[in-house]
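The report below describes a sheet, the helices that lie against it, and the nonpolar cores.

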Amino acid sequence: MSTARLQSYGPFQFPDRAGLTVPQFERAQRLGLIPGPDLPGDRWSAAVFDDAVARVDAIREAVGEMPDVGATRAEEHLATRFHLTVHPGTAAELGRRGHLPVVGSHKGHDLYCGLALERGMDRRTVARASAAGQLHTRDAAAAILGIREADFAHLVRAGLLSHADTARSHWKDLVLLYRQGDLDRLARRRSIDWDAVRNTPKGHRSPLAALPGAKKSPA
């Protein structure tokens, strides 16, 4: 940390001279621990800087060390932290359940709160999210339900199942991914005779063909 005092500080000078990383500095602002720029040109006055330096140990404690990261790095961190198998889709599931806030984006992808990853949640919460949030291709999802591709298509047509995410194949084709929690919920649906569906031979009309189509939202 440099002690040479300036009249004002830019967005990189401030954290560098205060002994904070840029992600820590940005999180401190988001948490209201350091105010936004108080001078033209997105700069901070020496008074604001001096006040932050006087509290820098408390600021570091409050903001933690882990930066905000994308889903893959978030899931890798949770796997290491809790010694768990953490499936792709877990970060989104934790966000869906209110445990892992989305705090920004990078190149169209969500960034998840590093402070929550570092200090929030517990092993059971992550394990449950990993189980429910696990993502499957269409073929794998149909196999999990024990039904044919034609049966699966009727579930999608009827609006009983929709994809939770997408990915790109090795050939850059768009691949639809289905969430395990949605498959589990659908498998518990009593209005569907799953035995009849699963016992329908290949080439025969699916019992699910009688399902009404999904209602379209009004324009």
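## Sheet, helices and cores

In this predicted model, helix H9 (residues 138-145) lies across E5 and E7, and its direction runs at about 105 degrees to E5. Helix H11 (residues 180-187) likewise packs on the sheet, where it touches E5 and E7, with a direction that makes about 55 degrees with that of E7.

The sheet itself is open and consists of three strands in the order E5-E7-E6, paired in the antiparallel sense. Strand E5 (135-137) and strand E6 (165-168) form the edges, each pairing on one side only, and the twist from one strand to the next averages 40 degrees. Between E5 and strand E7 (residues 174-179) the antiparallel pairing extends over three bridges, and Thr137 stands opposite Leu177 in E7.

Turning to the cores, the largest nonpolar core has 18 residues, and those with the most contacts inside it are Leu78, Leu94, Leu100, Leu117, Met121 and Val126. The elements that give two or more residues to this core are listed here.

| Element | Residues |
|---|---|
| Helix H5 | 71-82 |
| Helix H6 | 90-96 |
| Helix H7 | 114-119 |
| Helix H8 | 123-133 |

When residues up to four places away in sequence are not counted, Met121 touches Leu78, Arg81, Phe82, Leu94, His99, Leu100, Ala116 and Val126. A second core, separate from the largest one, has 16 residues, among them Ala142, Leu160, Trp194 and Val197.

Notes
Residues numbered from 1 in each chain as written. Predicted model: local features only at pLDDT ≥ 70, side-chain atom pairs only at ≥ 80, totals over all residues. Heavy atoms only, no water. Pairing = 2+ DSSP bridges. Helix = DSSP H or I, 4+ residues; strand = E, 2+ residues; numbered from the N terminus. Axes fitted to C-alpha atoms, helices over the stretch in contact; angles between N-to-C directions. Contact = heavy atoms within 4.5 Å. Core = buried A, V, L, I, M, F, W, Y, C linked by side-chain atoms within 4.5 Å. Buried < 20%, exposed > 50% of the residue type's maximum accessible area, 1.4 Å probe, protein only.
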